[in-house]
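This report describes selected features of a protein chain, from its overall make-up to individual sites. The sequence and the structure are shown first.

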Amino acid sequence: SFVAAKRQHARWGIRRIVEMVSAPGVGVTSASVAAAWAPETDRMPGHERKHSACSAACSHQSCCSAQQRLCAHTGGINVQVGENADCKLKSQEGNASFVIEQQSNVGSLGLVQSSELICNASEVHPTQGPCQDAAFFPIPTWPCTVAWGVGNQIHSQSDHNALRLSILSMSGSEVAVLQCLPGDAVSEVKRQLSRITCTPGHEQRLVFGNRVLKDRETLKASGITHTHATLQWIKVRPSGVARNLESQRRSHSPSKALSASLAEIVDSVMQTEHVLSESARPRAADAAMAITPQHRGELINWMVQAFEVCHFDDSMLHSIVLTLDRYCARRASPIEATAIQKVLMAAVCTEMKLASESEYPHGHWQDMLAHLCHGHLSRAAILKAEFDILRGLGFVVGIPTPVTFLREFATRLDEAGTVDNQALQLALFLLELALFEPEVQYAQPHMILAAGAMSAALRALDAPATQREGLVEDLPIYCPDLHSMEDAVLDCEESLLKHWLMCSTGSITCDRFYVQLEHKFGCSARHNVSRLSPSASLKRFLLARSPETSE
């Protein structure tokens, strides 16, 4: 049987009485109990103070079964619980009183063993002491649980909208039972599980039905609407990127040691980046609706040359192309040829503003715009075109690009290794080649495109197979909604290698732009990666994927 009451301040009155009962040789009378209880009852409402202490002998014939068990346990003390208590035991008088009186057959020096009280995190353990005429005044209710031999706390009240989540492990054993609200985020559930399992949130996966729950979604949005649901809890190993960052925690380099603080959140960040990238990725056919493939290729070719001269970061080219393609895909009419340069400068202006202030400080990006357009466009015209682009995109910019994911994948490699840096440059080369062909650029998620480029680069450089395998193993952590990861990466890798081969041999229309890219990645700073043989790389890939067909 459990007795629960409601208000916190009554706890101290009970403790005073228990202390008096526990003290050897100290008599406890109704007056002393009232004196101990008075400071708390003075603050009670008048209709509660008017009740006086009641004393009634307990007969086993009149007590309910729960009271009989309590009497036997406490040595004959009658416990009557008001109707407001959670256990819903009713007193004989029917009022909200809590009466404890010694039975007539127990002497004034009889020993009374009190029950264990669990009041939130506080506990009063069973004590023994002499008891005389003990009577409790009416006790207001508070979140408290009284239990005999029970260590688990039971909530006295629950929200009618609360959800009861049973969390099971892969083996079917119960990990925890949580009480949550429909509006709670999945990440909050993982935080509660972290306190129970000591497993960080980024190493947990929660599955409901056949769907992996996403951290940013609420339980209701995840389809959990019934009052009771069963979730499967899966503990996953952190990604190679997270493990590599964690390994730098004890580095002597302050910058590397500081980057270790990202180990716990990098997997969640990449998941969010993947979702954001997918929400904004245009279709290949839509990207060519507002601008002809010829004009598009010429714009990209000009940017490759101009940005290399201006020493722009490689990510700038990919960000601007993605912004232009998204804008073109949303336009209802083609862009006039005379307005293409203005639209391009507007996209460049937006991306420079989104970059770090140290890279493009105030005043520098204005001068850079004037330099790129040779003074043919006024700043006011560029800013007006920028506003039109932002409005057309719903002011959603800064979308992750394939280069974003590629550099994150590269952090799992040994930065000191020449092969790894060479692989990064070759993967960048393949991704810039893909910019000229929308069917290659937007045929698959950009995270898969980056993984395919890195896998092709590692294979072309005859890197250890464990590096490619580790890359594919990490992908389900970043994009759990995708299936057949290995096949998707292999298909993308084959597409990139074939595109490289066709560009180098002049088999497609964008071959005239290949010369600029070959020159850009043919320098020693980029390890001359464009001088590698695309046919040899493709042959090595086909041999590894289907040995019988290649032979």
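## Overall architecture

The secondary structure of the protein chain comprises 23 helices and 13 strands. The model is a predicted one. The chain has 551 residues, of which 47% count as buried. Among contacts with a separation of 6 or more, 70% are made by residues 24 or more positions apart.

## Two buried glutamates in contact

Glu273 lies in helix H8, which spans residues 266-280, and Glu408 lies in helix H15, spanning residues 402-410. The two residues touch each other, since Glu273 is listed among the contacts of Glu408. Beyond residues up to four places away in sequence, Glu273 also touches Pro400, Thr404 and Phe405. With the same exclusion, the other contacts of Glu408 are Val241 and Met270.

Which side chain of opposite charge is nearest to Glu273, and how far away is it? It is Arg407, at 11 Å; Glu273 is buried yet has no salt bridge. Glu408 is likewise buried without a salt bridge. For Glu408, too, the nearest side chain of opposite charge is Arg407, here 10.0 Å away. Because a salt bridge requires a side-chain nitrogen of Lys or Arg within 4 Å of a carboxyl oxygen of Asp or Glu, a distance of 11 Å leaves Glu273 unpaired, and 10.0 Å leaves Glu408 unpaired.

## The second largest cavity

A search of the whole structure yields five cavities of 30 Å³ or more. The second largest holds about 110 Å³ of space. Three helices each supply at least two residues of its lining: H10 (293-309), H11 (314-330) and H12 (340-354).

The lining of this second largest cavity divides into ten nonpolar residues, two charged residues and no polar ones. Arg296 and Asp325 are among the lining residues, and both count as charged. The lining also includes Ile291, Leu299, Ile300, Met303, Val321, Leu324, Cys328, Ile335, Ile340 and Val343.

## A loop site at Val236

Val236 is found in the loop that runs between strand S13 (228-235) and helix H6 (240-247). Which residues does Val236 touch, not counting those up to four places away in sequence? They are His202, Glu203, Gln204 and Arg205. For one of these, His202, the C-alpha atom is separated from that of Val236 by 8.4 Å, although the two residues are 34 residues apart along the chain.

How values were computed:
Residues numbered from 1 in each chain as written. Predicted model: local features only at pLDDT ≥ 70, side-chain atom pairs only at ≥ 80, totals over all residues. Heavy atoms only, no water. Helix = DSSP H or I, 4+ residues; strand = E, 2+ residues; numbered from the N terminus. Buried < 20%, exposed > 50% of the residue type's maximum accessible area, 1.4 Å probe, protein only. Lys, Arg positive; Asp, Glu negative; His and termini not counted. Contact = heavy atoms within 4.5 Å. 1 Å grid on protein atoms, 1.4 Å probe; cavity = no way out; pocket = protein on both sides within 12 Å on 5 of 7 lines; lining within 4 Å. Points joined across faces, edges and corners; volume = space filled by probe spheres on them.
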